[in-house]
Amino acid sequence: MSLYLGSEEQALQLLHEYADEVRRAATPGTEVVVLPEKIARVSENAMPEVDTMFFSAAAATRSAIAVGLVRRTPSAAFNSSRLYSPDGKLEANYDKHHLLPGVEPEKPGHTRVAVEQPSGRWGLQICKDLDFPELSREYAGDGTSLLLVPGLGL
């Protein structure tokens, strides 16, 4: 099964469209926008361009943005959620812990990621991670009050 049709250039164009849509849809007062899981598959070489487009969208809307994508490194790929802060910085990167066997060839992550925000502590997970309650319980035990969870509706 391939979710990624087209070149990295086409993936970057799609990500630009998502960033533009966030600018259009995030009304004043929007605290966070959560985009879907695996929007695109991009190499580490392309990540500075991806980061720049979402730095800009986050700063323009004064909203945090959680972006789901697959990051390809020279040694592995990761199903990641990247959180951009309202001041236009990369706040965090989370790699999905619980991958779908036989469907997701990416390498699993092993680190929980939470960030302090004015409204409380936010944690990151991705889709299938929610099927494993222990992970969510660990976040709750750390005082996390909101989970940002990009998902892929297959």
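**View 1. The aromatic cluster of Phe54, Phe55 and Tyr84.** Phe55 is partly exposed, with 26% relative accessible area; buried denotes under 20% relative accessible area, exposed over 50%, and partly exposed the range in between (1.4 Å probe, protein chains only). The model is predicted, so that local features need pLDDT of at least 70 and side-chain atom pairs count only at pLDDT 80 or more, while totals for chains, interfaces and linings use all residues. Residues are numbered from 1 along each chain as its sequence is written, and side-chain values use heavy atoms, with hydrogens and water left out. A search of the whole structure yields two aromatic pairs; rings of Phe, Tyr and Trp (its six-membered ring) pair if their centres lie within 6.5 Å, and planes under 30 degrees apart count as stacked, over 60 as edge-to-face and the rest as tilted. The ring centres of Phe54 and Tyr84 are 5.7 Å apart and the planes meet at 25 degrees, so this pair is stacked. Phe54 belongs to helix 2 and Tyr84 to strand 4 (residues 77-84), so the pair ties together parts 30 residues apart in sequence; helices (H or I, at least four residues) and strands (E, at least two) are DSSP runs, numbered from the N terminus. Phe54 is buried at 0% relative accessibility, and Tyr84 is buried at 0%. Phe55 and Tyr84 form an edge-to-face pair, at 5.7 Å centre to centre with 75 degrees between the planes. Phe54, Phe55 and Tyr84 thus appear as one aromatic cluster.

**View 2. The surroundings of Asp51 in helix 2 (residues 47-61)**. Asp51 is buried, with a relative accessible area of 10%. Neighbours within four places in sequence aside, Asp51 is in contact with Arg82, Tyr84 and Leu90, where contact means heavy atoms within 4.5 Å.

**View 3. The salt bridge between Glu8 and Arg72**. A salt bridge is a side-chain nitrogen of Lys or Arg within 4 Å of a carboxyl oxygen of Asp or Glu, and the whole structure holds 17 of them. The closest N and O atoms of Glu8 and Arg72 are 3.1 Å apart. Glu8 lies in helix 1 (residues 8-25) and Arg72 in strand 3 (residues 64-72), so the pair ties together parts that are 64 residues apart in sequence. Glu8 is partly exposed at 25% relative accessibility, and Arg72 is partly exposed at 31%.

**View 4. The salt bridge between Glu104 and Lys96**. The closest N and O atoms of this pair are 3.0 Å apart. Glu104 is buried, at 9% relative accessible area, and Lys96 is buried at 2%. Through shared partners, salt bridges join Glu37, Lys38, Arg41, Lys96, Glu104 and Glu106 into one network.

**View 5. The open sheet of three strands in the order 6-7-8**. The pairing is mixed; two strands pair if DSSP finds at least two bridges between them. Strand 6 (113-117) and strand 8 (144-148) are the edge strands, each pairing on one side only. Strand 7 (residues 120-124) and strand 8 run parallel and are joined by four bridges, with Arg121 opposite Thr144 in strand 8. Helix 3 (residues 133-141) lies across strand 6, strand 7 and strand 8, at about 140 degrees to strand 8; axes are lines fitted to C-alpha atoms, for helices over the stretch in contact, and angles run from 0 to 180 degrees between N-to-C directions.
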